[in-house]
Amino acid sequence: MTHSTGSGVLKDPEAAPGTPPLATVYQAKLRPAVNPEHIVRRPRLIELLDTAVESPLTLVVAPAGSGKTSLLRDWVGWTDLPHAWLSVDESDRDPAQLWLSILAALDGIAPGCAEPAADLVRRRHALVDAVGTLLDDLESRSYGPRVLVIDDLEVVDEAVASGALTMFVQHLPRWLRVVLVSRHAPHLPVDRLRARGMLGEVRFPELRFSFDEATEMLARLAPTLPPNRVAKAARHAGGWAASIQLAALAARAADARASADAPRQDDVGRYLGDYVWHEVLSGEPADVVDVLIAVSVVDRVEPDLARALAGRFDAPRLLERAEERGLFAARIEPSGAYETHALVRDALLVELRRRDPERLAELHQRAARWFEDAGQPVAALEHLLRAEQGREALRLLASCVPQLYDSGREATVRRMLAEIPAGAAASDTAAAIDLAWCQLFADRSAFVQTVHAVVAQADKDGGLEPWLLARLEMLRAASAAVSGDWTAGARSARWSLAAIGDGWQADPLCRFGWNLLAREIALTERWDDAAPEVRQVARTLSTAPERRIAFEATRALGAALAGRPVEALRLVYGTRQVSEAASLTTARTELMVAEALANREIGEQSAALPVLTHLVETACDPVPHCRLLACLELTRAAVDSGDAAAAERAFGDATEMVDTQLPGPGSRTLLARTGTLLALAEDRPDQARRWAAEVDDPFWGGVETARVLIATGDVGAADTALRAAAPRCVRHHVLLDLLLSRTTRDVDEAEAALTRAVRLGAAHGLVQTLASEGTGVVESIERLAWRVPQPWLDRLRRVPLSGASPPGTAVVELVEALTDRQLGILRMLPSRLSLREIADELFISVNTLKFHLKVIYRKLGCGSRAEAADLARALMNRHRRGQPAGAWRR
């Protein structure tokens, strides 16, 4: 009568070559093991579960060894309901990994539901967003009742406490029932669910074995035991499944030397420990017992792991013998994996810790080595910490921290850092360097503090080995970069890479250095694929695939900042898929920035602004420059649209970032450039002059100074400042010629400068850079229309021109309210589109458009398109500030 559904295995996208996947859901977790033959079927509990699962959520909560999992295994074998199974283990303590496991199980009963939500988890979206996506998908399905069983939930208390599971169980679709199996009540609103009638429950009183059930199991386990001894052992067991089994095994192994009285609940641990050592294992072959002790440090043991722990090739055969002798070792996988009953494992570990703590530590170290070699660094880290090998744990974490971060398991990194003893890095420069490297991905503030402390100590002590000096200098490079001093960071990175030589390939910290060099080139707006420094970085990183992917993302950002938006978008689309497959979070973040900047540059505001807003709301560790660039671009977008309030908000966010997180000269210069534009837009020349003075850049210093001089009427001085500016990229040349066309006194020279700017801008797809210079520049470009490609000019005409309403204008009331159609036409008037082009956009005739314009002019009290366009900008500006649509600037 089994009606289970098949379950697949959900895996993270493949990591970089040579790096095992970090988030895998094994098939064994997605199916229940087979119950042993001696397990007694209990129809009353099967019926109880049938009734309980009529509720959306069922809790099966009872202490260890109560028979919870055995009951559920039996029930899923008999129920008619399609079901999925998940056995939680230590790897699921990370919330992201837990939800990947739940999604893999759900995919067995709702095929196709897992991938959209799993994709959000891998991209490090909030888990509640992923769960919301999952619930939407499940709600859209029309199924009969189906059941998801999640076993051993107590293993992941911290992950459950994240809140995502609470959201999930409170909004289940009508067809889905969830059964949670745990040793204690999970972190869920149980009282509220119970009051709403949404909860079914099976607790220890229901699971307790009756006298008849206990005697039947004991008779199966110890068939030669006399009936009177069976009855006595059943009474002493107190209905506890583990006690019944231990009592039976003890009776069979040592002639039923059970106590006369059942143990009290607070004596259970001692009782089980005594039973395991004095009754269960007493007299058993020494080699079998030794293997059971060796594998007790893990909850599930593969054959190769058993050999490594026991130090003998025949360890799997000895585990098989232990199973045959009923020593609580059970084969749970066709591959030969074994599991020892948790209570027996606990008893073995307690005694091993008391008798031979050194061997216990050695066993944990062996387990750590095996898991590290098997590509399971999180499990290896757990064992190193249990072995009190904090320094080794720090070494291992440092070797895999980029992969853990990029796979969305930042919580795991933070947890491991918290569990590593503080003394692990004390008085050890190499360990302190590893600590700082790990902190870069979890706590940027702590990272910077640690780097400063290590550098100060190294300067004080002196005499560091060359390779340590090189690694320390690379940390200084990273610290400078994440603080906004990209030039100093690149300088330190170059020194470090030169000092370490070919050894950089074996060190993840030093491999990161080449990407720091690329990022500095991009952020200083001098990216050129033909430049020797760019070619060197690209050639070098061709031997490090995961770093090459990150390089391509930085390359896209560099192209966007340098004024090559079309090329940037091509790089984004070509790199995104491989970055997703490799789960490179930092690469994805830089690609998002590059795409948003490029889209806004080519006039695609609707595609750019939502991405920029998302980036502003994201922490963007360890690439904070991405969030800063997004804040500043949103500021410029608001300035261009005349939304002063939005510009101030975005600029305030950027200022706070620079003041508290990115105080370096590179980020300060970015802020000052935008501050100059904002101050000029708000007609505050003195403040603009102060911002311009803070721009520390051989190109932008002259440009921002010239902008202020032009605004204050000193065109001659502006021309002098511009001619001293040193452009480094396409965008610089375009902008410089645009400004020179406004400052030079020679008409022919001005036209030549404007022509150069327009031709170069059109060749590379620049639109916003030209539109942001205002109406005068764009009107001059219109006179050169015959010299530029028509598609580019059409795109320029569709971009609203920069400029807000003149300061000090009055607010008047509309003569008559505008209709939605008239408002739609009004919003298009500030563009450079002709009437014919506006009519085509609106799918109306030119005559119809002219009729609407006459009505609009009458209602606005104006007489021309230019006046109406000014009022349209005012409308958009005041609408964003929340003022009534009827209030207008005149």
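The secondary structure of the protein chain comprises 46 helices and nine strands. The model is predicted. The chain has 890 residues, of which 58% count as buried. About 36800 Å² of the protein chain is exposed. Carbon and sulfur atoms supply 51% of that area. Contacts were also sorted by separation in sequence. Among those between residues at least 6 apart, 70% join residues at least 24 apart.

One surface feature concerns charge. Glu47, Asp50, Glu54 and Asp80 form a negative surface patch. Glu54 of this patch sits in the loop between α1 (43-52) and β1 (57-61). Its relative accessible area is 59%. Glutamate 54 is therefore classed as exposed, because the class begins over 50%. Membership of a patch calls for over 30% relative accessible area and no salt bridge.

Two acidic residues stand out by backbone geometry. Aspartate 152 has a phi near 60 degrees, a positive value in a residue other than glycine. Aspartate 152 is placed in the loop between β3 (146-151) and α6 (157-160). Its relative accessible area of 27% makes aspartate 152 partly exposed. The value falls in this class because buried means under 20% and exposed means over 50%.

Glutamate 388 also has a positive phi, near 60 degrees, and is a residue other than glycine. The loop that holds glutamate 388 runs between α19 (377-386) and α20 (390-406). With a relative accessible area of 72%, glutamate 388 is exposed. Thus a positive phi is found in a partly exposed aspartate 152 and in an exposed glutamate 388.

A buried loop position was examined next. Serine 296 lies in the loop between α14 (286-295) and α15 (303-310). Its relative accessibility is 0%. Serine 296 therefore counts as buried, since the cut-off for that class is under 20%. Which residues does serine 296 contact, leaving aside its neighbours within four places in sequence? The partners are Arg345, Leu348 and Leu349.

Loop residues in this model thus span the accessibility classes. Serine 296, between α14 and α15, is buried. Aspartate 152, between β3 and α6, is partly exposed. Glutamate 54, between α1 and β1, is exposed, and glutamate 388, between α19 and α20, is exposed.

Notes. Residues are numbered from 1 along each chain as its sequence is written. This is a predicted model: local features need pLDDT of at least 70, side-chain atom pairs count only at pLDDT 80 or more; totals for chains, interfaces and linings use all residues. Side-chain values use heavy atoms; hydrogens and water are left out. Patches are made of residues with over 30% relative accessible area and no salt bridge: like charges are joined within 9 Å, nonpolar side chains (Val, Leu, Ile, Met, Phe, Trp, Tyr) within 5 Å. Accessible areas come from the Shrake-Rupley method with a 1.4 Å probe; for residues, only the protein chains shown count as cover. A salt bridge is a side-chain nitrogen of Lys or Arg within 4 Å of a carboxyl oxygen of Asp or Glu. Lys and Arg count as positive and Asp and Glu as negative; His and the chain ends are not counted. The place of a charge is taken as NZ of Lys, CZ of Arg, CG of Asp or CD of Glu. Helices (H or I, at least four residues) and strands (E, at least two) are DSSP runs, numbered from the N terminus. Buried means under 20% relative accessible area, exposed over 50%, partly exposed in between (1.4 Å probe, protein chains only). Contact means heavy atoms within 4.5 Å.
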